[in-house]
Amino acid sequence: MTFADPLVRQLADFVESIGIEVRAVDMPEPTFLPGLDIRDGALCIDAARLAYPGDILHEAGHIAVADAARRDQPALKPTQAEEMAAMAWSYAAVRNLGLPEETVFHGDGYQGGAGNLVDAFRDGGGPGVPVLGWLELTTDPHAPHAEGKRCFPHMDRWVR
């Protein structure tokens with residue numbers, strides 16, 4: 001699959017490399033994040049309508065942290081815990097890719113709180129980090145058993 005925008009291509013390639021299907025589609029209908037949707041366990045991207053390429057990582061995070069039984073539903077509706085985990089997951093992904101944090105945590109996202117989230121994640125905390133630890137995707141640096149382990153934002157695995 002190819003996308004004209006190099007950043008979109010890089011993000012889609014990463015998502016596919018961890019085992020999440022990516023589809024290039026036309027989406028004339030409105031979606032929560034412009035140009036993105038999750039359908040039947042796949043991340044669907046309408047590059048022409050995509051407002052912020054970094055949102056690809058946030059949406060992929062929803063798929064990655066969802067229980068396998070729910071992941072392949074026609075329309076994935078994340079729980080509150082999964083929403084928080086997707087934020088932390090997307091931070092770890094953007095760091096793994098060596099991209100600026102603002103790629104995902106841009107000024108128009110997270111109800112004006114993107115900067116606060118980045119600060120929390122840089123300190124090893126933030127919403128969703130304990131959930132990622134509980135899912136055994138990473139080690140929460142504040143957990144009692146964290147000493148001597150590679151901790152968030154390092155991920156031990158990317159998909160639940």
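**Helix H2 and the salt bridges**

Mentor: In this predicted model, the buried residues of H2 are Asp55, Ile56, Leu57, His58, Glu59, Ala60, Gly61, His62, Ile63, Ala64 and Val65.

Trainee: What makes H2 count as enclosed or open with respect to the rest of the structure?

Mentor: Eleven of the eleven residues of H2 are buried, so this helix is largely enclosed by the rest of the structure. The cover over those buried residues includes helix H1 (6-17), E2, strand E3 (42-45), H3, H4 and helix H6 (129-134).

Trainee: Where does Asp55 lie, and how do you know whether it has a salt bridge or not?

Mentor: Asp55 lies in helix H2, which covers residues 55-65. A salt bridge needs a side-chain nitrogen of Lys or Arg within 4 Å of a carboxyl oxygen of Asp or Glu, whereas the nearest side chain of opposite charge to Asp55, that of Arg49, is 11 Å away. Asp55 is therefore buried yet without a salt bridge. If neighbours within four places in sequence are left aside, the residues in contact with Asp55 are Leu33, Leu36, Val104 and His106.

Trainee: How many salt bridges does that rule give for the protein?

Mentor: The count comes to six salt bridges. One of them joins the side chains of Glu21 and Arg23, with a distance of 3.0 Å from N to O, and that value falls within the 4 Å limit.

Trainee: Why are Glu21 and Arg23 placed in the class they have, buried, partly exposed or exposed?

Mentor: Buried means under 20% relative accessible area and exposed means over 50%. Glu21 has a relative accessible area of 41% and Arg23 stands at 26%, so each of these values lies in between and each residue counts as partly exposed.

Trainee: What does the salt bridge between Glu29 and Arg39 tie together?

Mentor: The closest N and O atoms of Glu29 and Arg39 are 2.5 Å apart. Glu29 lies in the loop between strand E1 (22-24) and strand E2 (36-39), while Arg39 lies in strand E2, so the pair ties together parts that are ten residues apart in sequence. Glu29, with 33% relative accessible area, is partly exposed, and Arg39, at 22%, is partly exposed as well. Glu29 and Arg39 are also linked with Asp37 in a network of salt bridges.

Trainee: Which parts of the chain does the pair of Arg70 and Glu82 link?

Mentor: Arg70 and Glu82 form a salt bridge in which the closest N and O atoms are 2.5 Å apart. The pair links distant parts of the chain, since Arg70 is in helix H3 (residues 68-71) and Glu82 is in helix H4 (residues 80-96), twelve residues apart. The relative accessibility of Glu82 is 7%, which is under the 20% limit, and therefore Glu82 counts as buried.

Trainee: How many helices and strands does the protein have, and how do you know how compact it is?

Mentor: The protein has six helices and three strands, which run α-β-β-β-α-α-α-α-α from the N terminus on. The radius of gyration is 15 Å, close to the 15 Å that the globule rule gives for 160 residues, so the protein is as compact as a globular protein of that length. Buried residues make up 48% of the 160 residues.

How values were computed: Residues numbered from 1 in each chain as written. Predicted model: local features only at pLDDT ≥ 70, side-chain atom pairs only at ≥ 80, totals over all residues. Heavy atoms only, no water. Helix = DSSP H or I, 4+ residues; strand = E, 2+ residues; numbered from the N terminus. Rg over C-alpha atoms; globule rule 2.2 N^0.38 Å. Buried < 20%, exposed > 50% of the residue type's maximum accessible area, 1.4 Å probe, protein only. Lys, Arg positive; Asp, Glu negative; His and termini not counted. Contact = heavy atoms within 4.5 Å.
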